[in-house]
Amino acid sequence: DFVDGGADGELAVNANRAALDSVLFDPRFLVDVGERDITTKVFGEPVQLPLILSPCGLATVVHPDGEPAVARAAADAGAIYAVSTASGYSMEEIAEASNGRLWFQLYLWKSEEVVQSLIARASAAGYEALVVTVDVPVVGKRERDLRNGMSLPVRLRPASAANAALRVPWLWRMLNGPEIIFASLVDIAPGDDAGSIGEYADRELTDPSRTWADLAMIRRRWDGPLLVKGVMSPADALAAVENGADGIIVSNHGGRQLSSVPGVAAALPRIVDAVGERAEVFLDGGVRRGEDIVKARALGATAACGGRHWFWGVATAGESGVRRVLTILEADVDRTLALIGRRRYDDVHRDVLFVPPG
């Protein structure tokens, strides 16, 4: 429930999949696709797999190896991993575990001092890009988490005890693994235990008074690529670019903030058309297969982003589980290129899509 759930009626979770499912290819055959190339460039640097592993908090809830395992698997696959502010390991521990490309996701905390501290730490730890999440003026209502009593510290409630008892490997790992906390906040929150840190995050994570001027301020303090995540309208995309963003992640937070919004794939083309060559655009929402990554490219995105697929991978088998997920996605992308008649991922444009008459 913690991984799969969304806000309110979870309409946006379903809309993300429905929007991608509605995108159809117009394949071409008897084309020489004997040698294919799925690589591309993101901010001028090559990636072997055109995927950004989206920032998702508390991977330690599903496996004690958590985010360092994800970072190692992503690096070996040649993909980019965007690390969440709410990670179960500190940003420094995750960076130390990886020799790949890492981005750091930043919330607009109430405290300006906290924002600046996290930016400085991300820079010092070698993170390549900063991803500012703007779609959390307040935290959405995730009814599954409310029903299950999801909180820090993580506790087994009577209603879920029987269910947990059937998951013996998970239960054993949880009982013997590290404490589940927001590790990057240990030196920021007033206490260093899970309860104190959780209460601090609940109280201080969001600031509904933030504006685009705050993004401009962050731009002045961050030298690398700056992305804005949570954009669903051309107007917001233009505002982000005008205030210094190099990249736009079109996202509805995996359907975890507001239920009654379009699927991301439906919103993406208008945003691509609005910002043109001024920023790189990424699709984040509903991606489950390599075919979806190719669809994102066809709709105008530089690459796709996704979180739930790698989260289930780490839940299943730690680092090897994430590796397996990324191997499957890599093979999916390669096969899809062959089946639509394109040799290179970079040759995928809107002309590969089926457009019904009228």
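**Note on the predicted model**

In helix 2, the buried residues (buried means under 20% relative accessible area, exposed over 50%, partly exposed in between, with a 1.4 Å probe and protein chains only) are Gly 66, Glu 67, Pro 68, Ala 69, Val 70, Ala 71, Ala 73, Ala 74, Ala 75 and Ala 77. The model is predicted, so local features need pLDDT of at least 70 and side-chain atom pairs count only at pLDDT 80 or more, while totals for chains, interfaces and linings use all residues. Residues are numbered from 1 along each chain as its sequence is written, and side-chain values use heavy atoms, with hydrogens and water left out.

1. Helix 2 and its surroundings. Helices (H or I, at least four residues) and strands (E, at least two) are DSSP runs, numbered from the N terminus. Because 10 of the 12 residues of helix 2 are buried, this helix is largely enclosed by the rest of the structure. The cover over its buried residues includes strand 3 (51-53), strand 4 (80-83), helix 3 (91-97), strand 5 (102-106) and helix 13 (308-340). Contact here means heavy atoms within 4.5 Å.

2. Length of helix 2. The expected span of a helix is 1.5 Å times one less than its number of residues. For the 12 residues of helix 2 (residues 66-77) this gives 16 Å, and the end C-alpha atoms are 17 Å apart, which agrees. Just after the helix, Gly 78 has a positive phi of about 75°.

3. Leu 58. This residue sits in the loop between strand 3 and helix 2. Leu 58 has a relative accessible area of 4%, so it is buried. Its C-alpha atom is separated by 4.6 Å from that of Gly 88, although the two residues are 30 residues apart along the chain. Leaving aside neighbours within four places in sequence, the contacts of Leu 58 include Phe 2, Glu 67, Gly 88, Ile 180 and Phe 311.

4. Asp 145. Which charged side chain is nearest to Asp 145 among those of opposite charge? It is Arg 256, 4.7 Å away, and Asp 145 is buried yet has no salt bridge. A salt bridge is a side-chain nitrogen of Lys or Arg within 4 Å of a carboxyl oxygen of Asp or Glu. Lys and Arg count as positive and Asp and Glu as negative; His and the chain ends are not counted. Asp 145 lies in helix 5 (residues 143-148). Not counting residues up to four places away in sequence, Asp 145 touches Asp 1, Phe 2 and Met 150.

5. Salt bridges. The whole structure holds 25 salt bridges. One of them joins Arg 17 and Asp 292, whose closest N and O atoms are 2.8 Å apart. This pair links distant parts of the chain, with Arg 17 in helix 1 (residues 11-21) and Asp 292 in helix 12 (residues 290-298), 275 residues apart. Asp 292 counts as buried because its relative accessibility is 2%.

6. A pair within helix 13. Arg 323 and Glu 319 form a salt bridge at 2.5 Å, N to O. They are four residues apart in helix 13, so about one helical turn separates them. Arg 323 is partly exposed at 31% relative accessibility, whereas Glu 319 is buried at 18%.
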